[in-house]
Amino acid sequence: MREPSPEYPTPPESRPGSGATAQPPEVWTGRATNRVQWLLAGGGAACIALGVELAVDSNWTSGVIALLMSVVGCLAAGLLMLFGTLAFVHVAVKVDGDCLEVRCGHIGLPRRTIRLDHVVGADFVPRVTPRQWGGWGYRWRPEIGTAVVVRRGEGMAVKLGDGRVFTVTVDDAEAAVRVIRDRLRLLGTGKAVGA
């Protein structure tokens, strides 16, 4: 078989990703980012700085207990804001041959791995908002399911075999849904996934 060249391009039906012979990519990855969360992380860092400043340079005459409560309160609020927001600045989604993996933040926690043999369907969701889920982050609502929401916008909803639904905001969610559906078709036919 000759190599494709400008004079003899590869026919469309044999190009990767075209027609019925196309295989899903071996590994699909996607991300979603929320830059607004960095402002909240900055607020957390400011609270920590205020707590350190109070502890180091305090001229409080009203007592040690009030000073201690202020320092501990500033440090605790700052740490919660800082680490709570940094964990959900971005989300990384990976679909490979046998599972869907969702990792949050820079250290990848919280993390959720769903085996594709537990998935019965996947749907594109054109608009996911924090208002639907009660805020940012890892959310659970009994009537809707579980979600990782790092920004408003497109996402995907994965239906699990036990009736639960897992939603995640991710860029190019339509491609993720196509890949998951292709994997489910391959699993259903008994052929090797990723082959």
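This report walks through a five-stranded sheet, two unusual backbone spots and a surface patch in a predicted model.

**The sheet**

Let us begin with the strands. In this model, 5 strands come together as an open sheet, and their order across it is 5-8-9-7-6. The pairing is mixed. As general background, strands of a sheet pair through backbone hydrogen bonds, and they may do so in a parallel or an antiparallel way.

Which strands stand at the edges of the sheet? They are strand 5 (119-128) and strand 6 (137-141). Each has a single partner strand, so one side of each is left without a neighbour in the sheet. From one strand to the next, the twist averages 20 degrees.

Strand 7 is a good place to see the mixed pairing, and the table sets out two of its pairings.

| Strand pair | Direction | Bridges | Example of facing residues |
|---|---|---|---|
| Strand 7 (145-149) and strand 9 (165-169) | parallel | 3 bridges | Thr 146 and Phe 166 |
| Strand 6 and strand 7 | antiparallel | 5 bridges | Arg 141 and Gly 145 |

Try finding these pairs in the structure above. Thr 146 stands opposite Phe 166, which belongs to strand 9. Arg 141 has Gly 145 of strand 7 as its bridge partner. Strand 6 and strand 7 also make a hairpin, with 3 residues between them.

**Two backbone spots in loops**

Now for the loops. The peptide bond that joins Leu 109 and Pro 110 is cis, with an omega of about 0 degrees. To find Pro 110, look in the loop between strand 3 (99-104) and strand 4 (111-115).

The other spot is Asp 172, in the loop between strand 9 and helix 4 (173-189). Asp 172 is not a glycine, yet its phi is positive, at about 55 degrees. Is Asp 172 buried, partly exposed or exposed? Its relative accessible area is 44%. Because that value lies between the 20% limit for buried and the 50% limit for exposed, Asp 172 counts as partly exposed.

**A nonpolar patch on the surface**

Finally, turn to the surface. Which residues form a nonpolar patch there? They are Val 64, Leu 68 and Val 72, and together they have about 300 Å² of accessible area. Val 64 is found in helix 2, which covers residues 64-86. With a relative accessibility of 64%, Val 64 is classed as exposed, because the cut-off for that class is over 50%.

Definitions and conventions:
Residues numbered from 1 in each chain as written. Predicted model: local features only at pLDDT ≥ 70, side-chain atom pairs only at ≥ 80, totals over all residues. Heavy atoms only, no water. Pairing = 2+ DSSP bridges. Helix = DSSP H or I, 4+ residues; strand = E, 2+ residues; numbered from the N terminus. Axes fitted to C-alpha atoms, helices over the stretch in contact; angles between N-to-C directions. Buried < 20%, exposed > 50% of the residue type's maximum accessible area, 1.4 Å probe, protein only. Patch = residues over 30% accessible without salt bridge, like charges linked within 9 Å, V, L, I, M, F, W, Y side chains within 5 Å. Areas by Shrake-Rupley, 256 points an atom, 1.4 Å probe, with all protein chains shown as cover. Salt bridge = Lys/Arg side-chain N within 4 Å of Asp/Glu carboxyl O.
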